[in-house]
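Work through the following exercises with the sequence and the coordinates at hand. Each task is followed by a solution that proceeds step by step.

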Protein chains: 2
Amino acid sequence: MSRPGEFDLIARIRARVSQRKDVILGIGDDAALLKVPAGKLLAVATDTLNSGVHFPVDTAPADIGWKALAVNLSDLAAMGAQPAWCTLSLSLPDSDACWLDGFLDGFLELAKHHDVALVGGDTTRGPLSIGVTVHGFVDPEENLRRNAAKVGDGIWVTGTLGDAAAALVQWKSGHHIDPFLRQRLDRPTPRIEAGLALVGVAHAVIDISDGLLADLGHVCAASAVGAEVDLDAIPSSITLTSMFDAGQRRYLMAGGGDDYELCFTAPPDARLAIAATAERCDVAMTRIGVIVEGERVRAVLEDRSEWTSQHVGYDHFG
Amino acid sequence: MSRPGEFDLIARIRARVSQRKDVILGIGDDAALLKVPAGKLLAVATDTLNSGVHFPVDTAPADIGWKALAVNLSDLAAMGAQPAWCTLSLSLPDSDACWLDGFLDGFLELAKHHDVALVGGDTTRGPLSIGVTVHGFVDPEENLRRNAAKVGDGIWVTGTLGDAAAALVQWKSGHHIDPFLRQRLDRPTPRIEAGLALVGVAHAVIDISDGLLADLGHVCAASAVGAEVDLDAIPSSITLTSMFDAGQRRYLMAGGGDDYELCFTAPPDARLAIAATAERCDVAMTRIGVIVEGERVRAVLEDRSEWTSQHVGYDHFG
């Protein structure tokens, strides 16, 4: 069987992308031409996934495709942005149409769900690496930034934490990986609807990619505040609870990355609005702490003793 | 000496980027927030460079930085777009502040020249790879597309061709690389001013990255026309002419990629306007052929005999 060339691969991608009215010119020219709605700001985020670094080397192509777009959409969710377009840079060790088709299955499934049009990109030969840039829209007056946390705000998270890190622990140990945990690692859910619904309700928002305490640290640094997190209040999935003891869970939930849930702060009087938002978006929103004066992120246990783990999330060069 | 972490690298980048008024929120949040001018379309292009594929492994960090942005700006030039912003995804084998500083020297020198603001990106550990996405603006009514070539149009190129491919030939042979040719390979000039000036003058435009005949082939396919190129009319630099014989030059100029000059088509009555544009932009614009009916790109010699080289440019998986 002959290997498809670069332009065959691009044609294969182009044949499957969906359209949007605001894509004036999509794949096939030197650049895409796009129409941003009047009165909106453009939100742009970019994230690259490298094989063996951002996903286990045995990850299915469709899951890699899903995750490459999901982690980028998660950044838009954390800005309260409505997704619109993306570009895709694929580095492939060789030209493998079968791998590409699988990759596109996952990538385009998620794109379709959020009405995101793939408008351009490039394919090159190299170690497996996927670079995605996403574009969305926000209101100039109302959007969600890291620097907006205020003393007295509650600290909240969506969904459950620690599942993705638990799957990685199982994968690294060579044991059986629980299918639910593996799904959470391979197919994170970008909280787009929750991000949009939190505009006007939340103060600061960030998505949890490096680990709760590390990412909350970014919020605190940007907002010049401190945080106190009740470790025993962090929500965990039934699977995580059944498979890991309390000490392991704390470590996974507070330090593990790759969950792509949202962490946000909101004033005390927003409780009812948050409850309504959670119900409407069909995702749990749990209060796990409070923004305080200072600059430290303190993690405390139920008995108010302080957690002393030095683990503060993932640094690619740490 | 301790190695800087991921966030130190990002801080190092952030400290050096320049600002623009339309960057509402730059590096440091989950996404950048940007303001597209009213009435303009957004032009988006993305290109990734992998070490050893898109540049020789011994390329200086500053030259890699320059080239990573230049090849992307070249895509905007080919759309007649005014550059505005870019994002940068850096995969580095290890955290090397010295390499990064050199890379930024070249990248930001070119960014400053074209008033391009670096607004976001990510750094990850992996084989050396640089992904850039550029954003610019075009007029909705007047922009330069590949599908606009018309029968009877002249075919034109900016600058000289073959220099970058010649440098690669010298590099691969292990011989001394002529400094001028090496400069043309390492520091291509994105023809932004020429692209902007050609709006309203040229019909179809493409930048030459895969090789003249291959890229002209893309224009012909998109426009449903053929082309006849006079190989002996293609402009070559004094250095290329002095170091390579006519047969070698034809091969390098017609088939060699990486020049990042513009190839465009324009109606016969545009000759004077093109001459004026060339003078204003301080770059040669040379007529090298004509758009004809059909779908083939024919390359002919001065005596009207047909060139039969099968070389049609660079395909990453060819």
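**Exercise 1.** Decide whether Thr239(A) is buried or exposed, and place the residue in its surroundings.

*Solution.* Begin with the cut-offs: buried means under 20% relative accessible area, exposed over 50%, and partly exposed in between, with a 1.4 Å probe and protein chains only. Thr239(A) has a relative accessibility of 17%, and therefore counts as buried. Next, locate the residue in the secondary structure, where Thr239(A) belongs to helix α8 of chain A, residues 238-243; helices (H or I, at least four residues) and strands (E, at least two) are DSSP runs numbered from the N terminus. Finally, list the contacts (heavy atoms within 4.5 Å): leaving aside residues up to four places away in sequence, Thr239(A) touches Asp178(A), Phe180(A) and Leu181(A).

Before going on, note that this is a predicted model, in which local features need pLDDT of at least 70 and side-chain atom pairs count only at pLDDT 80 or more, while totals for chains, interfaces and linings use all residues. Residues are numbered from 1 along each chain as its sequence is written, chains are lettered from A and ligands numbered from 1 in the order in which they are written, and side-chain values use heavy atoms, with hydrogens and water left out.

**Exercise 2.** Determine how strand β6 of chain B is enclosed and which strands pair with β6(B).

*Solution.* First count the buried residues: in β6(B), residues 129-138, they number 10 of 10, so the strand is largely enclosed by the rest of the structure. Then separate the two faces: Ser129(B), Gly131(B), Thr133(B), His135(B) and Phe137(B) point one way, whereas Ile130(B), Val132(B), Val134(B), Gly136(B) and Val138(B) point the other way. Now turn to the partners, given that two strands pair if DSSP finds at least two bridges between them. Strand β3 of chain B, residues 41-50, runs antiparallel to β6(B) and is joined to it by 10 bridges, with Val44(B) opposite His135(B). Strand β4 of chain B, residues 82-92, is also antiparallel to β6(B), over nine bridges, and here Ser89(B) stands opposite Gly131(B).

**Exercise 3.** Characterise the overall fold of chain A from its dimensions and contacts.

*Solution.* Start with the inventory, which gives 10 helices and 12 strands in chain A. The radius of gyration, taken over C-alpha atoms, is compared with a globule rule of 2.2 Å times the number of residues to the power 0.38; for 318 residues a compact globule would be near 20 Å, and chain A agrees because its value is 20 Å. The C-alpha trace spans about 65 × 50 × 35 Å along its principal axes. Lastly, 61% of the residues of chain A count as buried, and of the contacts with a separation of 6 or more, 85% come from residues 24 or more positions apart.
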